[in-house]
Amino acid sequence: RVYERDTVGWALTEQSFNFIAVAPTSNTVFVAKDASTCGTNSPCYINSKDDLASGLGTGLKDAVDVVDNNSSINIIGVYPIKSNTVQIDKPLTIQGINNSSITSDSLTCSQPILLFRNKNVVKNLSIDDGFCILQNRDLLVIDSTEDIEILSNTLSKGNDAIRIINNLGKINIQFNNITGNTGYAINKPVNSGSGQLMVTANNILNNRTGAQITC
């Protein structure tokens with residue numbers, strides 16, 4: 001409302017009303033770079049200007065924080081994260097639709113792309129570290145006591161494609177293309193937990209020189 005003062009006093013001379021549609025969340029949500037990429041998919045979360053710890057400032061982290069446990073988060077198009085790792089700390093499925101991908105639009109490349117801390121599934125995505133050249137980012141890092149499934153993804157152009165910090169559950173890595181990384185395809189070092197690692201029917205080649213997997 002706009003008020004203007006004249007010789008009599010203050011008078012309301014103009015007003016306007018803007019309505020913003022708000023979509024309720026559900027157990028299936030979408031994440032995209034911007035509103036135009038979202039299209040008719042709703043609710044759809046997009047990146048904001050922040051680049052904060054745990055991934056705050058990305059639509060992906062917003063979606064993780066908002067949805068209920070055991071929901072599905074669908075990535076649309078080429079989706080960029082920022083310099084901070086996006087932490088997935090709920091039991092969720094992160095999946096691509098129509099050949100979508102997760103990449104990095106930051107030149108700060110010291111942190112991993114995704115960090116899993118719960119019972120998670122990641123599938124049907126292409127994941128790389130984007131503009132990182134002098135230093136590559138780990139793509140998927142697991143620090144979880146729960147089961148993890150990594151299914152039908154392309155993991156390329158990172159440091160370690162999959163690095164396990166700690167796990168007490170079962171990690172099922174199946175039907176992935178893991179190629180062109182400067183580090184290991186799968187890195188499960190000593191003292192990284194007693195979880196069972198199952199690696200089945202993957203294409204694993206042209207990563208670091210020498211052994212492609214250490215566990």
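This passage walks through the sheet, the nonpolar core and the disulfides of the structure shown above. The model is predicted.

A good place to start is the sheet. Six strands form an open sheet with parallel pairing, in the order β7-β10-β13-β16-β19-β22. At its edges lie β7 (86-88) and β22 (213-214), each of which pairs on one side only. Strand β7 runs parallel to β10 (residues 114-116), and three bridges join the two. Within this pairing, glutamine 87 has leucine 115 of β10 as its bridge partner. Helix α2 packs on the sheet here, where α2 touches both β7 and β10. The direction of α2 makes about 25 degrees with that of β7.

Next comes the interior. In soluble globular proteins, nonpolar side chains tend to be buried together. Here, the largest nonpolar core holds 36 residues, and those touching the most other members are Leu60, Ile73, Ile127, Leu140 and Ile162. Helix α2 (residues 59-66) supplies the largest share of this core, namely three residues. Helix α2 thus appears in both parts of the picture: it packs on the sheet and it contributes to the core. Isoleucine 162 deserves a second look. Setting aside neighbours within four places in sequence, isoleucine 162 is in contact with Leu140, Ile142, Ile150, Leu155, Ile173, Ile178, Tyr184, Ala185, Ile186 and Asn187. One of these, Leu140, is itself among the core residues that touch the most other members.

The cysteines complete the tour. The count of disulfides comes to two, and with bonded cysteines counted along the chain, their pattern is 1-2, 3-4. One disulfide joins cysteine 38 to cysteine 44, with an S to S distance of 2.0 Å. The torsion about this S-S bond is about -75 degrees, so the link between cysteine 38 and cysteine 44 is left-handed. Its two ends can be told apart by their surroundings: cysteine 38 counts as buried because its relative accessibility is 6%, whereas cysteine 44, at 22%, is partly exposed.

The other disulfide is formed by cysteine 109 and cysteine 132, whose sulfur atoms are 2.0 Å apart. Cysteine 109 sits in the loop between β9 (101-104) and β10, while cysteine 132 sits in the loop between β12 (126-127) and β13 (140-144), so the pair ties together parts that are 23 residues apart in sequence. With -90 degrees about the S-S bond, this link is left-handed, and both cysteine 109 and cysteine 132 are buried. Cysteine 215, by contrast, is exposed, because its relative accessible area is 71%, over the 50% cut-off.

Note on methods:
Residues numbered from 1 in each chain as written. Predicted model: local features only at pLDDT ≥ 70, side-chain atom pairs only at ≥ 80, totals over all residues. Heavy atoms only, no water. Core = buried A, V, L, I, M, F, W, Y, C linked by side-chain atoms within 4.5 Å. Buried < 20%, exposed > 50% of the residue type's maximum accessible area, 1.4 Å probe, protein only. Helix = DSSP H or I, 4+ residues; strand = E, 2+ residues; numbered from the N terminus. Contact = heavy atoms within 4.5 Å. Pairing = 2+ DSSP bridges. Axes fitted to C-alpha atoms, helices over the stretch in contact; angles between N-to-C directions. Disulfide = S-S within 2.5 Å.
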